Amino acid sequence: MVTNAGFSPGETNRLPPHISSNTLGSRNTAGRGLRGQVALVTGATRGIGLAIARALAAEGCDLIVTGRDQAALNRISRELARRGKTAAKIRILSHPSDVRDPHSVDALFRAIRRQFRRLDILVNNAGIAQPNLPVDKLPFPVWKDVLETNLDGMFLVTQAALVLMKRGGSIVNNLSVAANRVFAGSAAYNASKHGALGLSNTLREELRPRGIRVIGVLPGAADTDIWKTLWPEAPRRKMMSPETVARAVVDSILLPANTTVEILEIRPSTGTL
Ligand SMILES: NC(=O)c1ccc[n+]([C@@H]2O[C@H](COP(=O)([O-])OP(=O)(O)OC[C@H]3O[C@@H](n4cnc5c(N)ncnc54)[C@H](OP(=O)(O)O)[C@@H]3O)[C@@H](O)[C@H]2O)c1
């Protein structure tokens with residue numbers, strides 16, 4: 001579903017493209033610091049991705065929200081469009097896509113090119129966990145699904161996005177604390193996130209000359225549906241909210257373009273669950 005709710009490009013000649021003049025003054029009072037920027041959030045149908053999409057909308061971003069659940073996408077794009085009516089209007093494109101499938105990713109980017117022609121912010125967030133199983137009990141299809149979603153998906157979406165991104169852009173890769181440490185029983189998840197950290201670090205070096213920032217986000221436990229797969233009885237009250245992670249992500253994007261939060265490790269104050 002496509003909602004056209006107005007558009008204002010918000011760029012200035014003197015500031016980097018993703019920073020409007022009110023961003024550099026008071027972050028706490030600005031609130032529309034990304035006005036006119038175009039952001040794609042994968043895995044935006046729930047959890048951390050949805051929280052990031054809402055936070056970017058609050059900063060005035062035009063948004064592309066994607067995931068596989070068409071009904072959820074319809075609901076979310078209606079919600080975001082309603083928010084846009086109470087403040088400056090934003091454009092929202094919701095388009096289903098499976099990040100594992102090159103054809104599906106290609107169709108998503110055809111829609112983005114038609115509607116927006118450019119991309120300023122890419123949030124690679126789509127991801128899945130695995131049931132808690134040791135390597136000798138882990139079915140190969142589960143291994144493959146986790147790697148294809150968390151690692152191949154990030155590669156496919158990033159490769160398609162780079163054509164549309166220019167100086168001042170930001171790529172946010174939602175990794176995990178499992179990107180630089182391991183949890184027994186989560187080999188596929190650990191491997192996918194270690195790989196995605198390697199991809200993110202490589203990408204950051206390749207994109208420095210192009211002035212595109214790469215922010216690797218390493219969250220600890222956040223209270224989302226992903227835990228239903230890994231550990232259904234996990235103590236939710238000890239977890240961060242997805243909104244807290246989203247706030248840290250958007251605050252990192254709002255920093256001046258000459259500054260990159262290269263790794264954002266954010267965990268519950270009590271530590272590992
Ligand atoms: N929650 C945590 O404690 C935690 C900690 C560290 C890192 N993370 C990372 O945060 C990211 C988001 O997870 P979450 O906790 O918010 O989980 P979640 O609530 O289960 O959300 C996962 C999102 O990914 C999307 N998705 C899954 N497979 C997809 C596919 N093949 N193609 C497109 N979209 C797909 C889902 O949408 P559809 O089902 O509609 O496709 C959904 O929007 C993941 O990368 C996860 O590894 C989470």
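Let me begin in the middle of the sheet, with V38, whose bridge partner in strand β3 is D62. Before going further I should say that this is a predicted model, in which local features need pLDDT of at least 70 and side-chain atom pairs count only at pLDDT 80 or more, while totals for chains, interfaces and linings use all residues. Residues are numbered from 1 along each chain as its sequence is written.

A word on terms: helices (H or I, at least four residues) and strands (E, at least two) are DSSP runs, numbered from the N terminus. Two strands pair if DSSP finds at least two bridges between them.

With that in hand, strand β2, residues 38-41, runs parallel to β3 and is joined to β3 by four bridges. On the other side of the bookkeeping, β3 also pairs with strand β4, residues 92-94, again in the parallel sense and over three bridges, and here L63 has I92 as its bridge partner. As for β3 itself, which covers residues 62-65, D62 and I64 point one way and L63 and V65 the other, and all are buried; buried means that 20 or more other C-beta atoms lie within 10 Å of a residue's own, exposed means 12 or fewer, and partly exposed is in between, with C-beta atoms placed from the backbone.

Strand β2 has a further partner, since three bridges join β2 to β5, and these two strands also run parallel. In that pairing A39 stands opposite I121. Both faces of β5 are covered, with I121 and V123 buried on one side and L122 and N124 buried on the other. From β5 we move to strand β6, residues 170-174, which runs parallel to β5 and is joined to β5 by four bridges, with N124 standing opposite N173.

Next come β6 and β7, which pair in the parallel sense over five bridges, and S170 stands opposite R213 in that pairing. Strand β7, residues 213-219, has seven of its seven residues buried: R213, I215, V217 and P219 lie on one side, and V214, G216 and L218 on the other. Then β7 pairs with strand β8, residues 263-266, in the parallel sense over four bridges, where the bridge partner of L218 is E265.

How are these strands connected through helices? β2, α3 and β3 make a right-handed β-α-β unit, where right-handed means that, with the strands pointing away from the viewer, the path from the first strand over the helix to the second runs clockwise. β5, α6 and β6 also make a right-handed unit of this kind, as do β6, helix α7 (residues 187-207) and β7.

Let me turn to two helices, beginning with α5, residues 102-115, whose 14 residues reach 20 Å from first C-alpha to last, close to the 20 Å expected at 1.5 Å a residue; the expected span is 1.5 Å times one less than the number of residues. Its buried residues are V105, L108, F109 and I112. Seen down the axis of α5, these fall within an arc of 95°, so they line one face of the helix, the arc being that of the directions from the helix axis to the C-beta atoms. On the other side of α5, H103, D106, R110 and R114 are exposed.

In helix α9, residues 242-254, the buried residues are P242, V245, A246, V249, V250 and I253. Viewed down the axis of α9, they fall within an arc of 130°, so they too line one face of their helix.

One loop residue deserves a mention: R117 sits between α5 and β5, and its phi is near 70°, a positive value in a residue other than glycine. Is R117 buried or exposed? R117 is exposed, with 9 other C-beta atoms within 10 Å. By contrast, R91, in the loop between α4 and β4, counts as buried, with 21 C-beta neighbours inside 10 Å.

Finally, the ligand: 29 residues surround it, the closest being G43, G47, G67, R68 and G127, where a residue is near a molecule if its C-beta atom, placed from the backbone, lies within 6 Å of that molecule. The largest share of this shell, three residues, comes from helix α3, residues 47-58. By class, the shell has 10 nonpolar, 13 polar and six charged residues, with Ala, Val, Leu, Ile, Met, Phe, Trp, Tyr, Cys and Pro counted as nonpolar, Asp, Glu, Lys and Arg as charged, and the others, Gly among them, as polar.
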